[in-house]
Each structure stands twice: as C-alpha cells, then as structure tokens.
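Grab a pencil and work through these exercises with the model open beside you. Each task is followed by a solution in steps.

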Amino acid sequence: MKLYDGGRAPNPRRLRIFLAEKGIEVPLVPIDMGAMEHKSATITALNPLQRLPILELDDGTILTESVAISRYFEEMHPEPPLFGVGALGKAMVEMWNRRVELYLMAAITAAFRHTHPAMIEWEVPQVPAWGEANRPKALQYMKIVDDQLGRNEFIAGSRFSIADITLLVATDFLKPAKLQIPEELEHLRRWHVAVSGRPSAKA
C-alpha cells in the first residue's frame with residue numbers, strides 16, 4: 001500500500017489529518033505539485049483527473065478522492081469513529097461535511113484559483129471575476145458555520161469528525177485566498193484555535 005501525496009494542498013492534507021487522528025501510517029510517495037508532477041504520465045495513469053491524493057492498495061487497486069479514501073480506512077480501522085456514531089450521528093457528519101465542502105471550501109478554492117497569479121497555468125481558463133464573486137460567498141457561509149459552532153463544540157455535534165477536518169483545511173486555506181475569519185465570528189475563531197491545537201493538525 002502507498003499513498004501519493006500532494007504536500008500542503010488541501011485534499012492531501014485533509015487525508016493526512018484523518019490518518020493521524022486514526023493513528024494509521026501509510027508509506028507516502030511525495031508528488032511536487034508546484035513542479036506540476038501531478039500532471040505526469042505516472043499520475044495520469046493512476047488518476048486521469050490528475051488529482052491527489054491517490055491510494056494504491058497492495059493488489060494494485062486504486063482509490064482516489066480524499067473522502068472516499070477516508071471511508072476505506074474508517075471501515076478498516078473503525079476507532080476512533082470519524083464519520084459519526086449511530087444513524088443520526090453519521091447523517092449529521094455527512095451533512096456538515098458536504099455543506100463545508102460545497103459551500104465554503106469550494107468558494108475559498110475558487111477565490112484562490114481564479115485570482116492568484118500562480119494559478120494561471122492550473123485553472124484554465126482563469127476567470128478573475130468568478131474568483132471575486134466567491135469571496136462574499138465564503139464570508140456568508142462562515143457566518144452559518146459560526147452559528148452552528150455557537151451551539152456545538154464541533155461542527156457536527158459533540159464529537160470531532162471528518163467534517164471538522166474539512167472545515168480546518170478550508171479555514172486554513174483562507175490566507176492564500178486573501179480572506180480571513182471575520183473578528184465577530186467568535187465561535188468559529190474559538191473552534192479554529194482548539195482544532196488547530198490537535199496534534200493531527202500538523203500532519
């Protein structure tokens with residue numbers, strides 16, 4: 001088994017945090033995305049979408065997409081549970097993970113990829129107006145997240161989950177997108193400090 005890893009890019013980092021929370025070690029194959037190694041023939045053969053992370057199992061089976069790979073490891077190593085406990089708990093984690101992915105992480109990513117000069121060869125065509133249009137969307141959704149965290153220790157309830165991992169990676173990606181958590185969102189700020197202090201956040 002080996003994991004093709006993309007360093008500080010959001011999705012590879014998301015999976016590394018998940019594995020660290022589980023206490024699982026997988027041999028890493030570093031891929032230099034800055035040097036566009038993710039577009040190499042080797043990576044394209046493994047994943048035609050040219051995206052990381054990629055997990056190659058011992059029998060040659062290939063898994064891609066950070067959440068799909070995380071689900072595989074959740075089934076193989078169920079403790080601690082990071083996809084929720086019980087029918088309602090699992091549904092809440094799924095709901096909030098999807099919400100953070102689709103409405104916050106996607107907006108932050110669009111703001112970065114469509115406005116940053118370094119992304120001009122990555123995002124073709126780069127549409128600066130679309131990047132700028134996503135900045136207020138990210139701020140709007142952070143307010144919804146703040147409201148949720150005003151009622152719960154973690155984003156999907158009382159347990160740390162993959163939804164918190166997705167939210168951490170998304171909020172840490174605010175800086176390169178030239179955004180920040182507004183001062184008045186005290187619950188999101190409290191959560192961010194707490195979750196950033198977990199050992200897995202350094203993975």
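**Exercise 1. Find how many bridges join β1 to β3, and in which sense the two strands run.**

Step 1: Look at β1 and β3: they run antiparallel and are joined by 3 bridges. Strands here are DSSP E runs of at least two residues, helices are H or I runs of at least four, and both are numbered from the N terminus. Two strands count as paired if DSSP finds at least two bridges between them.

Step 2: Pick out Leu3; its bridge partner in β3 is Leu55.

Step 3: Now turn to β2. Strand β1 (residues 2-5) pairs with β2 in the parallel sense, over 3 bridges, and Leu3 stands opposite Leu28 there.

A quick word on the source: this is a predicted model, where local features need pLDDT of at least 70 and side-chain atom pairs count only at pLDDT 80 or more, while totals for chains, interfaces and linings use all residues. Residues are numbered from 1 along each chain as its sequence is written, and side-chain values use heavy atoms, with hydrogens and water left out.

**Exercise 2. Work out the strand order of the open sheet.**

Step 1: Put the 4 strands in place: the order is β2-β1-β3-β4, with mixed pairing.

Step 2: Check the edges, β2 (28-30) and β4 (62-64), each of which pairs on one side only.

Step 3: Neighbouring strands of this sheet are turned by 20 degrees against each other on average, ignoring direction. For these angles, axes are lines fitted to C-alpha atoms (for helices over the stretch in contact), and the range is 0 to 180 degrees between N-to-C directions.

Step 4: Add helix α3 (residues 66-76), which lies across β3 (54-56) and β4 and runs at about 120 degrees to β4.

**Exercise 3. Describe how α1 and α4 cross.**

Step 1: The axes of α1 (residues 10-22) and α4 (residues 86-113) come within 14 Å and cross at roughly 155 degrees. So α1 is roughly antiparallel to α4 (over 145 degrees counts as roughly antiparallel, under 35 as roughly parallel, 65 to 115 as roughly perpendicular, and the rest as oblique).

Step 2: Find who touches whom: Pro10, Asn11 and Arg14 in α1 meet Asn97, Glu101 and Met105 in α4. Contact means heavy atoms within 4.5 Å.

**Exercise 4. Describe how α4 packs with α5.**

Step 1: α4 and α5 (residues 128-149) have axes 7 Å apart and pack at an angle of about 145 degrees.

Step 2: List some contact residues, including Trp96 and Tyr103 of α4 and Trp130 and Tyr141 of α5.

**Exercise 5. Which residue forms a salt bridge with Asp172?**

Step 1: It's Arg13, with the closest N and O atoms 2.8 Å apart. A salt bridge puts a side-chain nitrogen of Lys or Arg within 4 Å of a carboxyl oxygen of Asp or Glu.

Step 2: Place both ends: Asp172 sits in helix α6 (residues 162-172) and Arg13 in helix α1, 159 residues apart.

Step 3: For the whole structure, the search finds 10 salt bridges.

**Exercise 6. Where is Trp122 found?**

Step 1: Trp122 is in the loop between α4 and α5.

Step 2: Leaving aside neighbours within four places in sequence, Trp122 is in contact with Met33, Gly34, Met36, His38 and Arg113.
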